[in-house]
Amino acid sequence: MRYLLPLGIFIVLVIFLGIGLKLDPHEVPSPLIGKPAPQFNLPQLHAPEKSFSPEQMKGKVWLLNVWASWCVSCRQEHVYLTEFARTGVVEVVGLDYKDEPQDGKKWLSQLGNPYVLSITDLEGTAGLDWGVYGVPETFVIDKKGLIRHKQTGPVDPVILETVILPIVQTLNGEAG
Amino acid sequence: MKKIVMFLLVLFCQIALAEIKVYDFKDPVLELRYQALTEELRCLVCQNQNIADSHAELAQDLRSKVYEKLMVGETDDQIISYMTNRYGDFVLYRPPLKSKTMILWLAPVLTVLLGGLGFWVVLRRRNQVQEQLTEIDRQHINDLLDRKSE
């Protein structure tokens, strides 16, 4: 009987610590979810004379994938992202974050290019507006131009199949 | 000797690398506000550091953003909301009191109250036990005394 209280406290502590172990402190909820995608006007990586602005994608569900040639985990997710983009289920736009354009282009020609187009964000200004803090990051934007989901860190087949794909499919069903 | 010199050189080269860019302020009030703001804002890459201390590239960007905004005359509130609009309340070392952060603010007070309550209960119980003991002891003493007088 006299051990019941300490045991109870111990069990509660274990449960809380157990939950704490499962949480990833690096996954900070984005305040941008449900808000209009921040606008920018930046040159395209492969055609610097042409610019890109998120407004051009209005009416479409699309992904914005933030990557860089210097980013190690981008290399890791690249295979899966390329495979996913190849299914044609959704258009993926790349944001080459704080990267030299020639390095970015080289990286894509070596590893394959899953993007309909990439944008050069040399200074990281667009990244700042989008709340980017750990490359790679992937945003899902709906037909109205609202950010509906953010994936921080590299995507893998499980995340793509069970998180990203269902969201894209639901959003495709929504009116533009 | 050569080894010592090499060692010292390596040491100093680390210090040179670790230097944080210093911004020039003509107005000391602005400088104080810059210091206060960068100490209040969390670096999201190395989450236990504020952006004043962190060497992460993101922290550098955020510092230069704070500087830039101070220079164009934005208020502290404007700068703070610029940051929270992009990175959420997590970017603040002192999150605002909201229904979502209520437990964060109340937990320490609750813990102290609970601990105090527990302490009080234990003390009271101990006093009661002592009183009971003295009563039994008294009875015992009386019994002994009675027996002696018989």
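How many bridges join E6(A) to strand E7, residues 147–152 of chain A, and which way do the two strands run? I'll start there, and then move over to chain B. Before anything else, though, keep in mind that this is a predicted model. The scores for it are ipTM 0.77 and pTM 0.76.

Okay, so, the strands. E6(A) and E7(A) are joined by 5 bridges, and they run antiparallel. If you want to find the register, start from Ile141(A): its bridge partner in E7(A) is Ile147(A). Then go to Thr138(A), which stands opposite Gln151(A) in E7(A). The two strands form a hairpin, with 5 residues between them. Have a look at the turn while you're there, since Gly145(A) has a positive phi of about 90°.

Now go to the other partner of E6(A). That one is strand E3, residues 62–67 of chain A, and again we get 5 bridges and an antiparallel arrangement. One pair to click on here is Val66(A), whose bridge partner in E6(A) is Glu137(A).

So how many residues of E6(A) are buried? The strand covers residues 137–141, and 5 of its 5 residues are buried. Looking at the side chains, Glu137(A), Phe139(A) and Ile141(A) point one way, while Thr138(A) and Val140(A) point the other way, and all are buried. Notice that Glu137(A) is in that buried set, and Glu137(A) is also the residue bridged to Val66(A).

Staying in chain A for a moment, let's pick out one helix residue, Leu81(A). You'll find Leu81(A) in helix H2, residues 72–86. Buried or exposed? Leu81(A) counts as buried because there are 26 C-beta neighbours inside 10 Å. What does Leu81(A) contact, if we leave aside the neighbours within four places in sequence? The list is Asn65(A), Val92(A), Pro114(A) and Val155(A). There's also Tyr115(A), which is 34 residues away from Leu81(A) in sequence and 9.2 Å away in space, C-alpha to C-alpha.

Right, over to chain B. This one has 5 helices and 0 strands, so to speak an α-α-α-α-α pattern when you read along the sequence. Of its 150 residues, 13% are buried. Taking contacts in chain B between residues at least 6 apart in sequence, 39% join residues at least 24 apart.

A quick word on confidence. Chain B averages a pLDDT of 84, and 89% of the residues score at least 70. Where is confidence lowest in chain B, and where is it highest? The lowest is helix H1, residues 2–17, with a mean of 68, and the highest is H4(B), at 92. The usual caution: where pLDDT is low, the predicted coordinates should not be read in detail.

The helix I'd like to spend time on is H3(B). H3(B) has 15 residues and reaches 21 Å from its first C-alpha to its last, close to the 21 Å expected at 1.5 Å a residue. The buried residues in H3(B) are Leu58(B), Ala59(B), Leu62(B), Arg63(B), Val66(B) and Leu70(B). Why do they end up on the same side of H3(B)? Because they cover an arc of only 140° around the axis. Turn to the face away from that buried side and you get the exposed residues Glu57(B), Ser64(B) and Glu68(B). As for what covers the buried residues, that includes helix H2, residues 28–40, and H4 of chain B. After H3(B) comes Gly73(B), with a positive phi near 90°.

Let's also visit a loop residue. Lys26(B) lies in the loop between H1 and H2 of chain B. Lys26(B) is exposed, because there are 6 other C-beta atoms within 10 Å. Measure across to Gly116(B), 90 residues apart along the chain, and the C-alpha atoms are separated by 51 Å.

Last thing, the interface. How many residues does each chain give to the contact? Chain B gives 12 residues and chain A gives 11. On the side of chain B, the elements that give two or more residues are helix H3, 57–71, and helix H4, 76–87. The largest share, 4 residues, comes from H4(B). By class, that side of chain B has 5 nonpolar, 4 polar and 3 charged residues. So that's H3(B) again, a helix at the contact with chain A with buried residues that are covered in part by H4(B).

Conventions
Residues numbered from 1 in each chain as written. Chains lettered and ligands numbered in written order. Predicted model: local features only at pLDDT ≥ 70, side-chain atom pairs only at ≥ 80, totals over all residues. Buried ≥ 20, exposed ≤ 12 C-beta atoms within 10 Å, placed from the backbone. Contact = placed C-beta atoms within 7 Å. Nonpolar A, V, L, I, M, F, W, Y, C, P; charged D, E, K, R; others polar. Pairing = 2+ DSSP bridges. Expected span 1.5 Å × (residues − 1). Arc of directions from axis to C-beta. pLDDT = per-residue confidence, 0-100.
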